[in-house]
Amino acid sequence: MIIVVKNNCEEKQYQNLVEWINDLGLTVHESRGEHSTVLGLVGDTSRVDIDLISSLDIVEQVQRVQEPYKNANRKFHPLDTVIEVGGHKIGGDNFTVIAGPCSVESESQIIEVAKAVKEAGATLLRGGAFKPRTSPYAFQGLKDTGIELLLKAKKETGLPIVTELLSVSHLDLFKDVDIIQIGARNMQNFELLKEVGKTCKPILLKRGLANTLNELLMSAEYIMAEGDCQVILCERGIRTFETMTRNTLDISAVPVLKEKSHLPIIIDPSHSTGVARLVEPMSLASVGAGADGLIIEVHNDPQRALCDGAQSLNPVQFKGLMDKVKTMLPIVNKKYN
């Protein structure tokens, strides 16, 4: 349920309303706009008398929310959520690019890539320390050593780091990680979502390979229900009958999610296509669709990459893409931060 409160109301009346709602055992989420304030009520709202609240002088409108996700719902929070990480803003009219290798392979590799993507304009560094692989015989990542190397690259370049968490048992290793990524395979690992929701860190939540947008928003709700509202949604392609690409990029997810939720939405053109030459056109299409950012795989030597080299750009290709992205941003009223 949402209650729209008039901006010219007396503060005492407003506080009395909030206290009364709290006394009913409900949680109130406040979103102040230019012309009104929206109160989002979370909990069992069946005991709330809509007619009684509507009759109050300070109330402009009362509406029940039908969607099962509440915290992630734009009706609860009409304004775009903007998340700040290391001085960089994600969401709103800001555009962010996260770049780096699929997996951390060595100290020299991650630092070289970090310097290259920063010089090209990336604002955050990605890199896999723990790697979920289809085959148990494939490279699984450097694990805790990989995180240590990412932190060295951060110290060297100043770029905040983004890396994937696979298990609650690894959570202590992520205390210095700036953004925790929850990958596609763990999108509905609800116990993991609950635990990361307690960290109060920004969480990059990737859509599952065969999950609906409603399910993605419900997974975000699991995180937000624990008190962490710094969730970044990521469309990374879904599995369809098409075999010419690794996955199918659902570009329509951007405007749909923008309509339904206030959370930032970024696109992963690397995993969604699996083909390096398709990363640029899909990135530009994402900008045009209104995405809040991109997460792109960049490797200093893609042909020798231990993981996903076929979809990785080299630094020169990445620099060329960044130049085109920045040219497009004014068209969609976004700025590169």
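Two strands count as paired if DSSP finds at least two bridges between them. By that rule, four strands of this predicted model form an open sheet. Their order is E2-E3-E1-E4, and the pairing is antiparallel.

Start at the edges. Strand E2 (27–32) and strand E4 (59–63) are the edge strands. Each of them pairs on one side only. From one strand to the next, the twist averages 20°.

Now look at how E2 meets its partner. Strand E3 covers residues 36–42. E2 and E3 pair in the antiparallel sense, over six bridges. To find the register, look for His29, which stands opposite Gly40 in E3.

A helix covers this sheet's strands. Helix H1 (residues 11–23) packs on the sheet. H1 touches strand E1 (2–6), and also E2, E3 and E4. The direction of H1 makes about 145° with that of E2.

Move on to the helix pairs. Two packed helices are described by the angle between their axes and the distance between the axes.

Take helix H6 (residues 213–225) and helix H7 (residues 253–260). They pack at an angle of about 50°. Their axes are 11 Å apart. An angle under 35 degrees would count as roughly parallel, and 65 to 115 as roughly perpendicular. H6 is therefore oblique to H7. The crossing of the two is right-handed. On the H6 side, the contact is made by Leu213, Leu216 and Leu217. In H7 they meet Ala253, Val256, Leu257 and Lys260. The residues of this contact divide into six nonpolar, no polar and one charged.

Further along the chain, helix H9 (residues 276–289) packs with helix H10 (residues 315–328). Here the angle is about 20°, and the axes lie 10 Å apart. Angles under 35 degrees count as roughly parallel, so H9 and H10 are roughly parallel to each other. H9 passes H10 in a right-handed crossing.

Which residues of H9 meet H10? They are Val279, Glu280, Ser283, Leu284, Val287 and Gly288. Facing them in H10 are Leu321, Lys324, Val325 and Met328. The residues of the contact of H9 with H10 divide into six nonpolar, two polar and two charged.

Set the two helix pairs side by side. H6 and H7 are oblique, whereas H9 and H10 are roughly parallel. Both crossings are right-handed. Six nonpolar residues take part in the contact of H6 with H7, and six in that of H9 with H10.

Conventions
Residues are numbered from 1 along each chain as its sequence is written. This is a predicted model: local features need pLDDT of at least 70, side-chain atom pairs count only at pLDDT 80 or more; totals for chains, interfaces and linings use all residues. Side-chain values use heavy atoms; hydrogens and water are left out. Axes are lines fitted to C-alpha atoms, for helices over the stretch in contact, and angles run from 0 to 180 degrees between N-to-C directions. Contact means heavy atoms within 4.5 Å. Angles under 35 degrees count as roughly parallel, over 145 as roughly antiparallel, 65 to 115 as roughly perpendicular and the rest as oblique. A crossing is left-handed if the near helix is turned anticlockwise from the far one by less than a right angle, and right-handed if clockwise. Ala, Val, Leu, Ile, Met, Phe, Trp, Tyr, Cys and Pro count as nonpolar, Asp, Glu, Lys and Arg as charged, and the others, Gly among them, as polar.
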